[in-house]
Amino acid sequence: MRLKALILLSALLPPCLSHGWDPLGWLFHRHGQAQYFGSLQADTTGGACPAECDCPPTFPVAMYCDGRGLNAIPSIPSRIKYLYLQHNAISAVPDSALINATNLVWLFLHHNQLTSDAISKEVFLKLEGLERLFLHHNNLTSIPPNLPRSLRDLRIDHNRIEKVIPTDLEGMDNLTILHLHDNNIADMGTSLKALKSLTLLDLSNNKLIKIPDALPEHLHQFYLEFNSIDSLPEGFLGGLAQLQYVRMSHNQLTNKGIPSDTFNVTGLVELDLSYNKLERIPTVSTTLQHLYLQANQIKEFTLGSFCSIVDVTNFSRLQTLRLEGNEISQEDIPLESALCLRRASSIQI
């Protein structure tokens, strides 16, 4: 009886299944034999999936063309919202490349060979719903013009950009994440002024000699490591009430270049000033939790930098304090520090 049931079920199955093909095989062998089944069941709205890419039948709005050795962007069906083109050898984005791709929400073009001259000035204009654009690890010398104002996440790090001008980021009210690290940027001008929603800004490993002007007021994370900044402007953090993480290691900061009470602001959680030229511990807020000062030239442990008054209710919330690689030793820590720094799990000297 069981044998008869199996024979009947086999007769009812489509030919592809009755011969042992796995309908979910594309999940595990995207470049293998199971690609047939995907093509048989694929949604062809707005055009067929290019042969060199995968368009999963269970996720018809996505197109996977990553790591295929492509030299050019293939034809994109109009239904596609999520386009993966990373890890190829694509060198240009002409007007025709995205002509049908007006519904794109994510566009990943990182780890290619794109140059600024080979990206059309109007190619992004019709992508009015684009939220994520990844262009990192290319050969760009400038930010592409006319980027969609709908962008929320722009990653253009690891390129060769030297300058950012206000028109590059104009009108991007929705942008929350901006990665510009590992470029050759020496000047930002007032280009950040328009970014009203920006919460994460990474400018590390560039050629900046000063803090960019007009920082966005909703900034939450600000990374400036590996630049050549030697001083900070007065009231540097005054208008940044939501800022919690500031990393400025590997710069040229001196105490003379830091106005008093620059870092004595509530809200700051982590401050990294390691690998600079500080000779004294700057004054920080009692609400700060993590402070990194290793590899400076600090000669004295100044308890007043952490607590102006020490009693039962007035003490520092500092949990991490790193001071190794300076000109002080464990014996330089005053006994009263046990009261002021009562929450510090360890003080590394």
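Buried, in this talk, means under 20% relative accessible area, and exposed means over 50%, with partly exposed in between. The structure is a predicted model, and I will go through one threonine and then the salt bridges.

Start with Thr320. Its relative accessibility is 19%, so Thr320 counts as buried, given that the cut-off is under 20%. Thr320 sits in strand β12, which covers residues 320-322. What does Thr320 touch, if we leave out residues up to four places away in sequence? The answer is Gln289, His290, Leu291 and Tyr292. With one of these, His290, there is also a polar contact, side chain to side chain, at 2.9 Å. Strand β11 is residues 290-292, and β12 is where Thr320 lies.

Now the salt bridges. How many are there by the rule used here? The count comes to seven. I will take three of them.

The first one on my list is Asp153 with Arg132, where the closest N and O atoms are 3.9 Å apart. Asp153 belongs to strand β5, residues 153-155, and Arg132 to strand β4, residues 132-134, so this pair ties together parts that are 21 residues apart in sequence. Are the two partners buried or exposed? Asp153 has 3% relative accessibility and counts as buried. Arg132, at 31%, counts as partly exposed.

Next is Asp213 with Lys210, with the closest N and O atoms 3.5 Å apart. Asp213 has a relative accessible area of 36%, which makes it partly exposed. Lys210 is partly exposed as well, at 42%.

The last pair I want to show is Glu327 and Lys299, whose closest N and O atoms are 3.8 Å apart. Why does this pair tie together separate parts of the sequence? Because Glu327 lies in the loop between β12 and α4, the latter being 337-340, while Lys299 lies in the loop between β11 and β12, and those parts are 28 residues apart in sequence. Lys299 has 44% relative accessibility, so it counts as partly exposed.

One more item on the salt bridges. Which residues are joined into one network by bridges that share partners? They are Arg132, Asp153 and Arg155. Asp153 and Arg132 are the pair already shown at 3.9 Å.

To recap, Thr320 is buried at 19% and has its side-chain polar contact with His290. Among the seven salt bridges, Asp153 with Arg132 links β5 and β4, and Glu327 with Lys299 links two loops.

How values were computed
Residues are numbered from 1 along each chain as its sequence is written. This is a predicted model: local features need pLDDT of at least 70, side-chain atom pairs count only at pLDDT 80 or more; totals for chains, interfaces and linings use all residues. Side-chain values use heavy atoms; hydrogens and water are left out. Helices (H or I, at least four residues) and strands (E, at least two) are DSSP runs, numbered from the N terminus. Buried means under 20% relative accessible area, exposed over 50%, partly exposed in between (1.4 Å probe, protein chains only). A polar contact is a pair of N or O atoms within 3.5 Å; within protein, one must be able to donate a hydrogen and the other to accept it, and residues adjacent in sequence count only if both atoms are side-chain atoms. Contact means heavy atoms within 4.5 Å. A salt bridge is a side-chain nitrogen of Lys or Arg within 4 Å of a carboxyl oxygen of Asp or Glu.
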